[in-house]
Amino acid sequence: MAYVKRRALAVADDYRRQGIASALLTRTLAIHRDHRAFLAYGQFTAEDATLARFYRRHGFAIHALGEPVILPGSSRHPRTALAAVRGQAPGKS
């Protein structure tokens, strides 16, 4: 099973609320499905309620702060977890 980590999706302020982010997300997920990726996941700052609503509208499950996300395993990586950290920017330790 292949996974895709959603690392970044950005639209300039002047172009928001026009469906651009939705179109980008829909298209990238279609490309990943074509390449046999069946699970997409990612993380964002827990306080960003607008982003949580955006991803929910696109079918993503949003896990509570600190709740691990257990990805279906493979023979190489039987368990993988992802947990949000309050105020942590993506890609930062």
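This tour proceeds through a predicted model of a protein, naming what to select at each stop.

**The whole chain**

Begin with the entire protein displayed as a cartoon. Two helices and four strands can be found in the protein. Followed along the sequence, these elements come in the order β-α-β-α-β-β. Next, display the surface. The protein exposes about 7,100 Å², and carbon and sulfur atoms supply 53% of that area. Of the 93 residues, 17% count as buried. If contacts between residues at least 6 apart in sequence are considered, 55% of them join residues at least 24 apart.

**Strands S1 and S2**

Select residues 2-6, which form strand S1, together with residues 37-42, which form strand S2. In which direction do S1 and S2 run relative to each other, parallel or antiparallel? The two strands run parallel, and five bridges join them. Two pairs of residues help to locate this pairing. Select Lys5 and then Tyr41 in S2, which stands opposite Lys5. Then select Arg6, whose opposite residue in S2 is Gly42.

**Helix H1 and the crossover**

Add residues 20-34, which make up helix H1. With S1 and S2, helix H1 completes a β-α-β unit. What is the handedness of this unit, right or left? The unit formed by S1, H1 and S2 is right-handed.

**The loop between S1 and H1**

Now select Arg17, which is located in the loop between S1 and H1. Most residues other than glycine have a negative phi. Arg17, although not a glycine, has a positive phi of about 65°. Is the residue Arg17 buried or exposed? Arg17 counts as exposed because its relative accessible area is 84%, and the cut-off for this class is over 50%.

**A salt bridge**

Select Arg16 and Asp13 and show their side chains. How far apart are the nitrogen and the oxygen in the salt bridge of Arg16 and Asp13? The N to O distance is 3.3 Å. A search of the whole structure finds one salt bridge. The partners fall into separate exposure classes: Arg16 is partly exposed, with a relative accessible area of 48%, while Asp13 is exposed, with a value of 60%.

**A nonpolar patch**

Return to the surface view and select Tyr15, Ile20 and Leu24. These residues make a nonpolar surface patch of about 270 Å². Of the residues in the patch, consider Ile20, which lies in helix H1. Ile20 has a relative accessible area of 32%, so Ile20 is classed as partly exposed. Patches are made of residues with over 30% relative accessible area, so the value of 32% allows Ile20 to take part.

**The loop between H1 and S2**

For the last stop, select His35, a residue of the loop between H1 and S2. His35 is exposed, with a relative accessible area of 62%. Select Ala2 as well and draw a line between the two C-alpha atoms. How far apart are His35 and Ala2 in sequence and in space? They are 33 residues apart in sequence, while the C-alpha to C-alpha distance between them is 8.7 Å.

How values were computed:
Residues numbered from 1 in each chain as written. Predicted model: local features only at pLDDT ≥ 70, side-chain atom pairs only at ≥ 80, totals over all residues. Heavy atoms only, no water. Buried < 20%, exposed > 50% of the residue type's maximum accessible area, 1.4 Å probe, protein only. Contact = heavy atoms within 4.5 Å. Areas by Shrake-Rupley, 256 points an atom, 1.4 Å probe, with all protein chains shown as cover. Pairing = 2+ DSSP bridges. Right-handed = clockwise from strand over helix to strand, strands pointing away. Patch = residues over 30% accessible without salt bridge, like charges linked within 9 Å, V, L, I, M, F, W, Y side chains within 5 Å. Salt bridge = Lys/Arg side-chain N within 4 Å of Asp/Glu carboxyl O.
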